[in-house]
Structures are given as C-alpha cells and as structure tokens.
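Biologist: I'm new to looking at protein models, and I'd like a close look at one part of this one. Could you walk me slowly through the nonpolar core and what sits around it?

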Amino acid sequence: MSLKSIVAIQIIGEHVPTDDGSYKSFELNLVLEDSSRKNVVDHGNLKSIISDAEILSDFLNIPIWHAGTIKS
C-alpha cells in the first residue's frame, strides 16, 4: 500500500453491547482507491480520534469522511 492510494480518512462510531452494559467505540480507517479500508485505531474518545484524523488529513491532503453514530 502506498500513501498515494489513500483517498480518505473514515471515522465510524458504534455502540458495543457487553455483558456489563455497553460502550461507544470509534474507528479511524484509511479508505483506499479500490474502496477497501485499513483500520488504524479503535478507541472510545471521539474528540481524540477526530484530532488524529485531522492530523492525518492535513498530512496526506485528503478528506475526512465522518459517519454519524446511531443513537439508541
């Protein structure tokens, strides 16, 4: 994978059920020319993952695709 094949940064949020309740998780993915995705990181802090995405977006000069999360 070359850096030139990355077309966007994707942020996806999800609600993860567990035996003890649930939590929110956010994925930061690289979207490639062939529409495949490479996961970079998953964690629970949306502000932090947006900051990470902005840094990568600026460095690679590509857009951020931020999918909204479903509220339950």
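Modeller: Let's start with a word we'll need a lot: a residue is called exposed when its relative accessible area is over 50%, buried when that area is under 20%, and partly exposed in between. Keep in mind, too, that this is a predicted model.

Before we zoom in, here's the overall layout. The chain has four strands and one helix, and if you follow the sequence from start to end, the order is β-β-β-α-β. Its C-alpha trace spans about 40 × 25 × 15 Å along the principal axes. There are 72 residues, and 29% of them count as buried.

Now for the core. In soluble globular proteins, nonpolar side chains tend to be buried together. The largest nonpolar core here is made of eleven residues: Ile6, Ile9, Ile11, Phe26, Leu28, Leu30, Leu32, Ile49, Ala53, Leu60 and Ile62. Three elements each give two or more residues to this core: strand E1 (6-18), strand E2 (21-32) and helix H1 (46-60). The most generous of them is E2, which gives four residues.

Let's look at the helix side, with Ile49 as our guide. Ile49 lies in helix H1 and counts as buried because its relative accessibility is 0%, while the cut-off for buried is under 20%. Leaving out residues up to four places away in sequence, Ile49 touches Ile11, Phe26, Glu27, Leu28, Val41 and His43. Find Ile11, Phe26 and Leu28 in that group: these are also among the members of the core. Ile49 and Ile11 sit 38 residues apart along the chain, yet their C-alpha atoms are separated by 7.9 Å. Links across the sequence show up in the chain's totals as well: of the contacts with a separation of 6 or more, 42% are between residues 24 or more positions apart.

Next, jump over to Leu30, another member of the core. Not counting residues up to four places away in sequence, Leu30 touches Met1, Ile6, Ala8, Ile9, Ser36, Arg37, Lys38 and Val40. Right beside Leu30 in the numbering is Asn29, which has its place in strand E2. Is Asn29 buried or exposed? Asn29 is buried, because its relative accessible area is 2%. The side chains of Asn29 and Glu27 are joined by a polar contact of 3.0 Å. If you set aside neighbours within four places in sequence, Asn29 is in contact with Ala8, Ile9, Gln10, Ile12, Arg37, Lys38, Asn39 and Val40.

Back on the helix, try Ser57, which is found in H1. Ser57 is buried, since its relative accessible area comes to 11%. The Ser57 side chain reaches the backbone oxygen of Ile62 at 2.4 Å. Apart from neighbours within four places in sequence, Ser57 is in contact with Ile9, Ile62, Pro63 and Ile64. Two of those names, Ile9 and Ile62, belong to the core.

Now a contrast: Phe59 is found in the helix too. So where does Phe59 end up, buried or exposed? Phe59 is exposed, because its relative accessible area is 66%, and exposed means over 50%. Compare Phe26, which is part of the core. Phe59 and Phe26 are 33 residues apart in sequence and 21 Å apart in space, C-alpha to C-alpha.

Strand E1 gives us an in-between case. Glu14 is found in E1 and counts as partly exposed, because its relative accessibility is 39%. From Glu14 to Lys24 is ten residues in sequence and 5.8 Å in space, C-alpha to C-alpha.

Let's finish with two loop residues. Ser35 has its place in the loop between E2 and strand E3 (37-43). Ser35 counts as exposed because its relative accessibility is 62%, and its phi is positive, about 75°, although Ser35 is not a glycine. Asn61 lies in the loop between H1 and strand E4 (64-66). Asn61 has a positive phi as well, near 55°, and is also a residue other than glycine. With a relative accessibility of 69%, Asn61 counts as exposed.

As for the outside as a whole, the chain exposes about 5100 Å², and carbon and sulfur atoms supply 52% of it.

Terms used: Residues are numbered from 1 along each chain as its sequence is written. This is a predicted model: local features need pLDDT of at least 70, side-chain atom pairs count only at pLDDT 80 or more; totals for chains, interfaces and linings use all residues. Side-chain values use heavy atoms; hydrogens and water are left out. A nonpolar core is a set of buried Ala, Val, Leu, Ile, Met, Phe, Trp, Tyr and Cys residues joined through side-chain atoms within 4.5 Å. Buried means under 20% relative accessible area, exposed over 50%, partly exposed in between (1.4 Å probe, protein chains only). Contact means heavy atoms within 4.5 Å. A polar contact is a pair of N or O atoms within 3.5 Å; within protein, one must be able to donate a hydrogen and the other to accept it, and residues adjacent in sequence count only if both atoms are side-chain atoms. Accessible areas come from the Shrake-Rupley method with a 1.4 Å probe; for residues, only the protein chains shown count as cover.
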